[in-house]
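This briefing sets out selected local features of one protein structure, grouped by topic. Please read it alongside the sequence and the coordinates.

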Amino acid sequence: MDVEIPAEPKKIAVLLDYYADHLLELGIKPHASTTSLVNNQFLPYISDQMEGVIPLGASESPNLEVLLEAEPDLILAYAPSHQNIEDSLRKIAPTLLLDGELMNDWRQLLLELGKIVGQEELAQQKLSDYIAKAESAKEELDSRAGDEVFVVMRVMPKELRVYGMDDIRIGRIIHEELGLNGLKLADSKAMLPISLEELPSLNPDHIFLMENVEDTAKSRLDELENSAIWKNIKAVQNDQVYIVEQQLWNRGIAPIGSNQIIDQVLGMVK
């Protein structure tokens, strides 16, 4: 369906909080935005830039009454999740359902949103700046770490998740753009759930450990750090385990978040 987009939308509502990062990078504060399903808050790494933004509840079930009261002039929705409420959204304001594939590459999404909001040149400049930053960081990290093996892991209540070199989100940043050597998982999998007992077979030199916000996962992290198996891992013995916040490293694969991740990696890997 053709959508008439306002020439200069001033009050943009985003129904996926991931989009807020992109708009902020383009100098546009969302008028309204969905929040995290976990804690009903905006993404923590951009929360300081979201003051005054109207919260719309979780993306899975946005509050349409609040959205109506917000009187947006453009709604950016996520096609896989919001097709079932498309008619309701269009009754509130012009609505664009963005392709789910754009979630796999924030770079293309940034350029697409640049076209939508009339900031194509700025979007291209921001992307060029990011590429230059990543290339510079890659050279620096190569001089620090060489061929040492890096693994991104996430602590879950019942398992550990290992992200390999074929992961198109955090794996792309760490292993492709920053050039840090990683693991090729079986069958080119992006992520592999493992038990603690399987960890010694990986035995990486460095671990980026995503700490989950759930209390059960925090308990799991404590259990992990107190185990003999964990203490014998090369990265642990060399004090090369870096605790990172999972809301950024798992959900912040976007322009602002990716820049922050590069800054964190440079700050942690000596």
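Where is the place of Asp187? Asp187 sits in the loop between α7 (170-177) and β8 (191-194). The structure is a predicted model. Backbone, aromatic, electrostatic and helix-packing features follow in turn.

**Backbone conformation in loops and after a helix**

- Asp187 has a phi near 60°, a positive value in a residue other than glycine.
- With a relative accessible area of 71%, Asp187 is exposed, because the threshold for that class is over 50%.
- Asn203 likewise is not a glycine, and its phi is positive at about 45°.
- The loop between β8 and β9 holds Asn203, and a relative accessibility of 26% places Asn203 in the partly exposed class.
- A glycine with positive phi is found just after α1: Gly27, at about 80°.

**Helix α1**

- Helix α1 spans residues 17-25 and is mostly covered, with nine of its nine residues buried.
- The buried residues of α1 include the aromatic side chains Tyr18 and Tyr19.
- Asp17, Asp21, His22 and Glu25 are also among the buried residues of α1, as are Ala20, Leu23 and Leu24.

**Aromatic pairs**

- Across the whole structure, a search returns five aromatic pairs.
- One of them joins Phe150 and Phe208, whose ring centres are 5.8 Å apart; the planes stand at 20°, so this pair is stacked.
- This stacked pair links distant parts of the chain, since Phe150 belongs to strand β6 (residues 150-155) and Phe208 to strand β9 (residues 206-211), 58 residues apart.
- Phe150 and Phe208 are both buried.
- Phe208 also pairs with Tyr242: the ring centres lie 5.3 Å apart and the planes are at 40°, so the pair is tilted.
- This tilted pair again links distant parts of the chain, from Phe208 in strand β9 to Tyr242 in strand β10 (residues 241-245), 34 residues apart.
- Tyr242 is buried, as is Phe208.
- Ring pairs gather Phe150, Phe208, Tyr242 and Trp249 into a cluster.

**Salt bridges**

- How many salt bridges does a search of the whole structure find? The search finds 11.
- Within helix α4 (residues 86-92), Arg90 and Glu86 are four residues apart, which means that about one helical turn separates them.
- The side chains of Arg90 and Glu86 form a salt bridge with an N to O distance of 2.6 Å.
- Arg90 is partly exposed, at a relative accessible area of 22%.
- A second salt bridge connects Asp263 with Lys133, where the closest N and O atoms are 2.9 Å apart.
- Asp263 is in helix α12 (residues 255-268) and Lys133 in helix α6 (residues 120-145), so this bridge ties together parts that are 130 residues apart in sequence.
- Both partners count as partly exposed: Asp263 has a relative accessibility of 44%, and Lys133 has a relative accessible area of 26%.
- Arg172 and Glu177 form a further salt bridge, with their closest N and O atoms 3.8 Å apart.
- Arg172 is partly exposed at 21% relative accessibility, whereas Glu177 is buried at a relative accessible area of 13%.
- Why do Arg172 and Glu177 fall into opposite classes, partly exposed and buried? The limit for buried is under 20%, so the 21% of Arg172 makes that residue partly exposed and the 13% of Glu177 makes that residue buried.
- Salt bridges with shared partners join Arg172 and Glu177 to Asp105 and Arg107 in one network.

**Packing of α6 and α7**

- Two packed helices are described by the angle between their axes and the distance between the axes.
- For α6 and α7, the axes come within 10 Å and cross at roughly 55°.
- That crossing makes α6 oblique to α7.
- On the α6 side, Tyr130, Ala134 and Lys138 take part in the contact, meeting Ile173, Glu176 and Glu177 of α7.
- By class, the contact of α6 with α7 comprises three nonpolar, no polar and three charged residues.
- Glu177 thus appears in two settings: in the contact of α7 with α6 and in the salt bridge with Arg172.

Key:
Residues numbered from 1 in each chain as written. Predicted model: local features only at pLDDT ≥ 70, side-chain atom pairs only at ≥ 80, totals over all residues. Heavy atoms only, no water. Phe/Tyr/Trp six-rings, centres within 6.5 Å; stacked < 30°, edge-to-face > 60°. Buried < 20%, exposed > 50% of the residue type's maximum accessible area, 1.4 Å probe, protein only. Salt bridge = Lys/Arg side-chain N within 4 Å of Asp/Glu carboxyl O. Axes fitted to C-alpha atoms, helices over the stretch in contact; angles between N-to-C directions. Parallel < 35°, antiparallel > 145°, perpendicular 65-115°, else oblique. Contact = heavy atoms within 4.5 Å. Nonpolar A, V, L, I, M, F, W, Y, C, P; charged D, E, K, R; others polar.
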